[in-house]
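Let's take a walk through a structure together, beginning with its ligand and moving outwards from there. Keep the 3D view open as you read.

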Amino acid sequence: MQKSKRVIGVLISGSGSNLQALIDECSAPAFPARIGVVISNRSDAFGLVRAERAGLPKVWLDRQEFDSNEAYDGAIRDKLREHGVELVVLAGYMRLVRSPILDAYPEAVINLHPSLLPSFTGASAARDALDYGVKVTGITIHFADAEFDTGPVIIQEVVPVHQNDDEKTLLERIHKVEHRHLPYAVKLWATGRLQTHGRRVRILPKGDKSREDI
Ligand code: GRF
């Protein structure tokens, strides 16, 4: 008998190319998760169009309509719960998530960042990598905590910086890698293969449900 799929909620602020990668993977019958809702803090996020095209529930919540960041995140948490979400994926979501969401989803909020953390935190990671002159940068998928780009690392992958790169060409290369790894991280979470020990996240081999230490 086929196991039921775990439900993910995707938070976005922009283009949503990573959301698209998830939409595409989730359409495979064997993929262990499905998208329950897409939530944006911006009404003009193209990711909302992608959600609509895929026939997914989509929500825009306007921060201006709430008295505080906590109240805003409380409203997001309520929407996530309403749609039965078990895992929250921040896919280009340009806001800090706060305790209402983090407390409701312990070890179940993951973020995607376009650098090898802890290098180049913040919103201009690819440009900062170019400006610094590094020869390699990369992508990081990590559990989110109450600060930007600091939680325990789940997956990292190196991306080379080419001599003639500008921000656009480097970001294109980074995005291709993100699009491969984000669905994989979701799959690992959905199949119970992520085990956190403090800052270290262990990926259990397929079928291994042991709780042994790192
Ligand atoms: C990605 O590069 C991600 O690492 C960063 O924001 C970007 C979102 O891109 N947090 P998209 O909206 O998924 O196209």
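The paragraphs below go from the ligand to its pocket and then to two backbone details.

Before we start, please keep in mind that this is a predicted model. A good place to begin is the ligand, which sits in the largest pocket. The elements that contribute two or more residues to the shell around the ligand are α1 (17-26), β5 (109-113) and α6 (167-190). If you would like to pick out the individual neighbours, look for Ser15, Gly16, Ser17, Asn18, Gly92, Leu112, His113, Pro114, His175 and Glu178, which surround the ligand. Sorted by class, this shell holds two nonpolar, seven polar and one charged residues.

Now zoom in on the oxygen atoms of the ligand. A polar side-chain atom of glutamate 178 is 2.4 Å from an oxygen atom of the ligand. Histidine 175 also brings a polar side-chain atom to a ligand oxygen, here at 3.1 Å. In serine 15, an N or O atom of the side chain lies 3.3 Å from an oxygen atom of the ligand. How much of the ligand does the protein bury? On its own the ligand exposes 370 Å², and the protein buries 86% of that.

Next, step back to the pocket itself. The largest pocket has a volume of about 730 Å³. It is lined by 34 residues, and those closest to its centre are Gly92, Tyr93, Met94, Leu112 and Pro114. Of these, Gly92, Leu112 and Pro114 may be familiar, as they are also among the residues around the ligand. Which elements each supply at least two residues of the lining? They are α1, β5, α5 (125-132) and α6. With four residues, α6 gives the most to the lining of this pocket. In terms of class, the lining has 15 nonpolar, 13 polar and six charged residues.

To finish, here are two spots where the backbone deserves a look. Follow the loop between β5 and α5, and you will find proline 118. The peptide bond that leads from leucine 117 into proline 118 is cis, with omega near 15°. The other spot is glutamate 107, in the loop between α4 (99-104) and β5. Glutamate 107 has a phi near 50°, which is a positive value in a residue other than glycine.

Key. Residues numbered from 1 in each chain as written. Predicted model: local features only at pLDDT ≥ 70, side-chain atom pairs only at ≥ 80, totals over all residues. Heavy atoms only, no water. Near = heavy atom within 4 Å. Polar contact = N/O pair within 3.5 Å; in protein donor to acceptor, adjacent residues only side chain to side chain. Areas by Shrake-Rupley, 256 points an atom, 1.4 Å probe, with all protein chains shown as cover. 1 Å grid on protein atoms, 1.4 Å probe; cavity = no way out; pocket = protein on both sides within 12 Å on 5 of 7 lines; lining within 4 Å. Sits in = over half its atoms within 2 Å of the grid points. Nonpolar A, V, L, I, M, F, W, Y, C, P; charged D, E, K, R; others polar. Points joined across faces, edges and corners; volume = space filled by probe spheres on them.
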